[in-house]
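Student: I'd like to go through this one by asking how each label is earned. Can you take me from the values to the words?

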Amino acid sequence: LSIAASLERLYELFIFSTLKKKGIPLKKIEKAWNDLRKQSERQLGAFCITYILETKNRYKPNTQLTTFRNKIIHQGYIPKRKEVENYASKVVDIIFDIVTILRNDYKEEISQIEYYNSEKANKFLKAMKKSEKSLSNVPVLTVFTPSIVGMDESDQLFKRRTFDILLHEMRKIKDRKSTRLNSSHIPLSRM
């Protein structure tokens, strides 16, 4: 499900970025998006129209991917590992196509969207702290987690990768983290 959600959020980022580039304030875009927030088919339609307006090319959704997603979400289907890997591989290809457009044409808008979202999160946290006295002294740490697609990578490092390569890279990172955690562990018998 998170694979499908990541593609849907990328559709959202594409729409927000293109509308922002046309001078529409983010608050207005957000209000308009709220009407579509829980309607994935309408979000896809909005993306398809925005995509053709921006790229002059038709975006043709892969109906097999939509059918597979809906079968899992709406019918409770539990897919086999190979089905998930096949689905993820196709979604990653789509994601790289869209991310490449965003990186090439909408960097400034993406930065503005990131700043807008972090400001909203900060306002929310301040309001929470103010309303909940027990939270007033709790420090807040914001962490930026890089994605496997590399939206945050420099132009020199950004490159298209297959799902299998991305999965292998993530496993290596996970193994390194696991090794560091295990090597820093001091057995109680030595204390």
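Tutor: Sure, we'll go from the overall fold to helix packing and then to one residue. Keep in mind that this is a predicted model.

Student: What makes up the chain, helices or strands?

Tutor: The chain has seven helices and zero strands, so in sequence order the pattern reads α-α-α-α-α-α-α, given that helices and strands are taken as DSSP runs. Of its 191 residues, 26% count as buried.

Student: How far apart in sequence are the residues that touch?

Tutor: Take the contacts between residues at least 6 apart in sequence: 67% of them join residues at least 24 apart.

Student: Why is α4 called oblique to α5?

Tutor: Helix α4 covers residues 63–75 and helix α5 covers residues 81–105; they pack at about 130 degrees, with axes 11 Å apart. Roughly perpendicular runs from 65 to 115 degrees and roughly antiparallel needs over 145, with the rest counting as oblique. An angle of about 130 degrees fits neither range, so α4 is oblique to α5. Their crossing is left-handed.

Student: Which residues bring α4 and α5 together?

Tutor: On the α4 side you have Q64, L65, F68 and R69, and they meet E83, V84, Y87, K90, V91 and I94 of α5. Sorted by class, that contact has six nonpolar, one polar and three charged residues.

Student: And what makes α5 and α6 roughly perpendicular?

Tutor: Helix α6 spans residues 107–131, and α5 packs with α6 at about 95 degrees, their axes 5 Å apart. The label covers 65 to 115 degrees. About 95 lies in that range, so α5 and α6 are roughly perpendicular to each other.

Student: What does the contact of α5 with α6 have, by class?

Tutor: Two nonpolar, no polar and four charged residues. The α5 residues are L102, R103 and D105, which meet K107, E109 and I110 in α6.

Student: Now for T50. Why does T50 count as buried?

Tutor: T50 sits in helix α3, residues 40–55. Buried means under 20% relative accessible area; T50 comes in at 12%, so T50 counts as buried.

Student: Which residues is T50 in contact with, leaving aside neighbours within four places in sequence?

Tutor: T50 is in contact with F14, I15 and T18.

Student: How do you know that the side chain of T50 makes a polar contact with A46?

Tutor: A polar atom of the T50 side chain lies 2.7 Å from the backbone oxygen of A46. The cut-off for a polar contact is 3.5 Å, so at 2.7 Å the pair is within it.

Definitions and conventions: Residues numbered from 1 in each chain as written. Predicted model: local features only at pLDDT ≥ 70, side-chain atom pairs only at ≥ 80, totals over all residues. Heavy atoms only, no water. Axes fitted to C-alpha atoms, helices over the stretch in contact; angles between N-to-C directions. Helix = DSSP H or I, 4+ residues; strand = E, 2+ residues; numbered from the N terminus. Parallel < 35°, antiparallel > 145°, perpendicular 65-115°, else oblique. Left-handed = near helix turned anticlockwise from the far one by under 90°. Contact = heavy atoms within 4.5 Å. Nonpolar A, V, L, I, M, F, W, Y, C, P; charged D, E, K, R; others polar. Buried < 20%, exposed > 50% of the residue type's maximum accessible area, 1.4 Å probe, protein only. Polar contact = N/O pair within 3.5 Å; in protein donor to acceptor, adjacent residues only side chain to side chain.
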